[in-house]
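Reader: Could we go through this entry together, one topic at a time? I'll start with the inside and then jump around a bit.

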Amino acid sequence: MVEAAQDILKVNGLSTSFLLREGEIKAVDNVSFSLKKGEVLALVGESGSGKTVACLSLLRLIRWPPGKIKSGEVILDGQNLFDIPLKDMHKIRGLGIAMILQEPMSSLNPSIIIGRQIQEAVELNQGLSGEEAKKKAIEMLELVRIPSPEKRYYNYPHQLSGGMKQRIMIAMALSCKPKVLIADEPTKSLDVTIQAQILRLMQALRNDIDTTILFVTSDLGIVAEMADRVAIMYAGQVIEICDVFKLFTNPAHPYTKGIMKSIMALKTGERLNIISGDPPNLMALPTGCTFHPRCDYCQEKCRTEVPQYDDISGEGTHMVRCHFPLGVDKTQAEGKGK
Amino acid sequence: MINDESIKKSLVSVRNIKKYFPVGGGLISKAKSYVHAVDDVSLDIYTGQTLGVVGESGCGKTTMGRLVLKLLNKTAGEIYFKGEDIYKYNKQQAKHFRTKAQLIFQDSFSSFDSRNKIGKIVGEPLVVHNVAKGQELEDRVAGLLRTVGLKPELMDEYPYTLAAGQKQCVGVARSIALYPEFIVADEPISALDVSVRAMMLNLLKDLQKSHNLTYMFISHDIRVVRWLSSHIAIMYVGKLVEYAETPEVFAHRLHPYTEALLTAVPIEDPTLRHIKCEILLGEVPSPVDPPPGCRFAPRCFLANERCFKEDPQLEERRPGHWVACFEDFEGQAEIS
C-alpha cells in the first residue's frame, strides 16, 4: 500500500433518510469511508443495504421529498460537497465524481445517437465544441474498445448490445476525467462472458489512466477480482472495512463471516452456511446491533448497545462495527475501544 | 449413453427436440424467418439426479425447460417421460403429467395472484386436481409451508407482506404440493441475495433427498449449478455443446465455449485474479436463421474452415462425456 497517497474522497458520518408517512427509513446511517487516489474500494451489501443511496448521496442526487441527507460531510479533494450551493453541484457531477448506473438501457436517450450523447458530456464539462468535441467522443469510444468507433458514433442505443451500451456509459463517465468514478453494479444485467470483458476493461482503464473507483456490487467474486479494499454494508451501516485479502482470510464481523462461509461451500459441495432470519426491515430496525437477531454470537450487550466503529488492526486498516469481533481477543478489543 | 435404451432407464429423455419461433408474418402472410431457440437437443435425466442447464441469455435454456414440461408446442423431436412421449398424451394423461412435473419460477411473486392469501396460493394445485378440501386441505397446506421452513400462520398473509426469500419458498411449497417427481427450476435463485440464496439452495437439496425429486436446474451461474447438479448441459444459441457429469465437466472441458464460460466466472479469491487471462471476445450471435456450421465458430479461437461449413454433432468423446466440436480440445486453464 502506498503510504503517501492521500485521501481523494472522504465520507464522514453520512446519514440519508427517507421520511415517509409510515415513518422514517434510515437508508444510510452514519457511514464513513475514504478513498485514496488510484484505489478501488468495493462497496458490498445485499439489496436494501443502502449501497446505491449512499452513492447518490455523494452526488447529492437524493430528491426531497421524501429523501433527505441528514448529516455528514463528503470531502472531495479538500472541498466539502455539502457546502456547495445545490445549483453549482453540476460542476462536481461528471468532473469531480462520475457515476455508471446499473441499467445502461434506461440511462441512455433512445432517440439520440450515442456519439452525440457522449459529446454532450464533453461539451458541458470540458468546454469543447464542434469538431473537437466529436473527435474527443470518438476517442472515448476507442478507449472503451468499441470496434470501428467512427461508424458506431452514429448508432442509436437500440442498435447496440447490452455489453456495448455499458461501454458507452463507461466512456461517458470517463470522458470528463473524473477524480472519482462510482460504478453501481455495472455488470448486474450482463452475461458472464460480457461481464468478464467489462471487468477487464475497467481493470485496464484503471491501470492506464489511474482512476479512483468506488465499485458497488453484491458479487464477492467481482470483489476478489477488482477491489483493493472492501466496505461491507448491512442495514444502512458500514459494518466492516478492510483490505480485500483480509476480507477473504480473516473477516471479523459475524455477518461477513457468514456470507464468506456460504460462498466458499459452493466450491466444495458442502451444505451451505445459512444466516438465519430475514434481512432487516428498515422501518423497524432491531435495537442495539442491527444484526443481532440473525447473529450466532449474539450476547446481551448486542441487544441493547449500539456497537461503535472499532479499529481492530490498530493501524486504521481494519474497522469493524461489532461488540465481539471474531478472531480478536475480547479483553484486548475492549481495551482498544477505550 | 444417449440412445433408445436409455429412454427406458431415465425419467426424462429428450431426443432431437427443436423449437423454432416465427419472426414477422401474420394471420395470412407466412413468417419470413425463425428464431432457432432450441435446435436438435438430445439428453437424458435420471431419477433423483439434477441436470444443470447453463448458458448465456438467449441460449434457449428457458425454452428447453418449457418444452420438457409441455408448456410449449415443439417444432420437431420427442420428449419422453417414463418412457412415454409427452406430446402423444391424451387429455387425461396430460392432466396426470401436470401433477408429476412442476415448475419453479425465477420470480415467484409475479406468478402469484396478489389478491389471494398464501394459503390459497399454495393449496390451489390440490383443489384443481381434487386432492383435498376443507380441513384436510388446510392441514396439507400447513404441512407444505412447514416443509419449506415457513410458519403455517403465513397462510393468512398476502404475498406482498413476505420477504423475497419467503416468496420464493412459497413458490417451492406450491410446486411440491402434488408430490411431483420432476421439477424444472428456472433461475430460482438469481433474484435473491447471497444470504437468502444459501437457504434456498439448501432447501432444494433437502427436498430432493426427502421427496426423491429429479431436477432440471436452469441457471446462468455456473458456481451454483456446480454445487447442486449431478450433470451439466451447456447450451449455446439453441445447441447443446457439452454434456457430462459435473466433476467430469470441470476436470475435462472439451468444448472451447465451456472453457470460455468457466474461466469468465470471477473467482472468490483475491490471490487468483484470473480475468486477465484470455477471455471470450464478441457477443452472442442472433439465433434468427443462424448460418450453417458451428454456431460458436465466429467467436472460437480454434475455428477452421470446416467449422463454418458443417455443423458438429454431439459425440461421446470420453465415457459419459458428450461434446459437439470437431477439434480435439481440452481446457487447460486453472479453475478452482
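Reader: Which residues line the second largest cavity?

Author: The lining is made up of Val44(A), Gly45(A), Glu46(A), Ser218(A), Leu220(A), Ile232(A), Tyr255(A), Thr256(A), Ile259(A), Met260(A) and, from chain B, Val194(B). Please keep in mind that this is a predicted model, in which local features need pLDDT of at least 70 and side-chain atom pairs count only at pLDDT 80 or more, while totals for chains, interfaces and linings use all residues. Residues are numbered from 1 along each chain as its sequence is written, chains are lettered from A and ligands numbered from 1 in the order in which they are written, and side-chain values use heavy atoms, with hydrogens and water left out.

Reader: What counts as a cavity here, as opposed to a pocket?

Author: On a 1 Å grid over the protein atoms alone, a cavity is a set of points where a 1.4 Å probe fits but cannot get out, whereas a pocket is an open set with protein on both sides within 12 Å along at least five of seven lines; lining residues have an atom within 4 Å of a point. Points are joined across faces, edges and corners, and a volume is the space filled by probe spheres set on them. The count is 5 cavities of 30 Å³ or more, and the second largest cavity has a volume of about 100 Å³.

Reader: Which helix gives the most to that lining, and how does the lining divide by residue type?

Author: Helix H10 of chain A, residues 254-268, gives the most to the lining of this cavity, with 4 residues (helices are DSSP runs of H or I with at least four residues, strands are runs of E with at least two, and numbering is from the N terminus). The lining divides into 7 nonpolar, 3 polar and 1 charged, where Ala, Val, Leu, Ile, Met, Phe, Trp, Tyr, Cys and Pro count as nonpolar, Asp, Glu, Lys and Arg as charged, and the others, Gly among them, as polar.

Reader: Moving on to the second largest pocket: why does it lie between the two domains?

Author: It lies between them because domain 1 (7-96 + 180-276) and domain 2 (105-175) of chain A both give residues to its lining; the domain bounds come from an automatic or database domain assignment. The pocket has a volume of about 720 Å³, and its lining holds 24 residues, of which Arg93(A), Gly94(A), Ala121(A), Asn125(A) and Met172(A) lie nearest its centre. Strand S6 (97-100), helix H3 (114-126) and helix H6 (162-174) of chain A are the elements that give two or more residues to this lining, and H3(A) gives the most, with 5. By type, the pocket lining divides into 15 nonpolar, 6 polar and 3 charged.

Reader: And how many residues of the two domains are in contact?

Author: In chain A, 17 residues of domain 1 are in contact (heavy atoms within 4.5 Å) with 12 residues of domain 2, and the C-alpha centres of these domains lie 26 Å apart.

Reader: Over to Val230(A): is that one buried or exposed?

Author: Val230(A) counts as buried because its relative accessibility is 0% (buried means under 20% relative accessible area, exposed over 50%, partly exposed in between, with a 1.4 Å probe and protein chains only). Val230(A) sits in strand S9 of chain A, residues 229-234, and, leaving aside neighbours within four places in sequence, its contacts include Leu41(A), Val44(A), Ile241(A) and Leu247(A).

Reader: What about Asp186(B), which side chain does it make a polar contact with?

Author: The partner is the side chain of Thr62(B), at 3.3 Å (a polar contact is a pair of N or O atoms within 3.5 Å; within protein, one must be able to donate a hydrogen and the other to accept it, and residues adjacent in sequence count only if both atoms are side-chain atoms). Asp186(B) lies in strand S7 of chain B and is buried, with a relative accessible area of 9%.

Reader: Does anything cap a helix there, I mean, what caps the N-terminal end of H3(B)?

Author: Asn90(B) does, with a side-chain oxygen 3.2 Å from the backbone nitrogen of Gln92(B). Within H3(B), residues 91-100, Ala94(B), Phe97(B), Thr99(B) and Lys100(B) are buried, and the buried residues of this helix pack against helix H2 (61-68) and strands S4 (76-81), S6 (101-104) and S7 (182-186) of chain B.

Reader: Last one, on the backbone: where is Pro65(A) found?

Author: Pro65(A) is in the loop between helix H1 (51-58) and strand S4 (67-76) of chain A. The peptide bond leading from Trp64(A) to Pro65(A) is cis, with omega near -15 degrees, and another cis peptide bond joins Pro65(A) and Pro66(A), with omega about 0 degrees.
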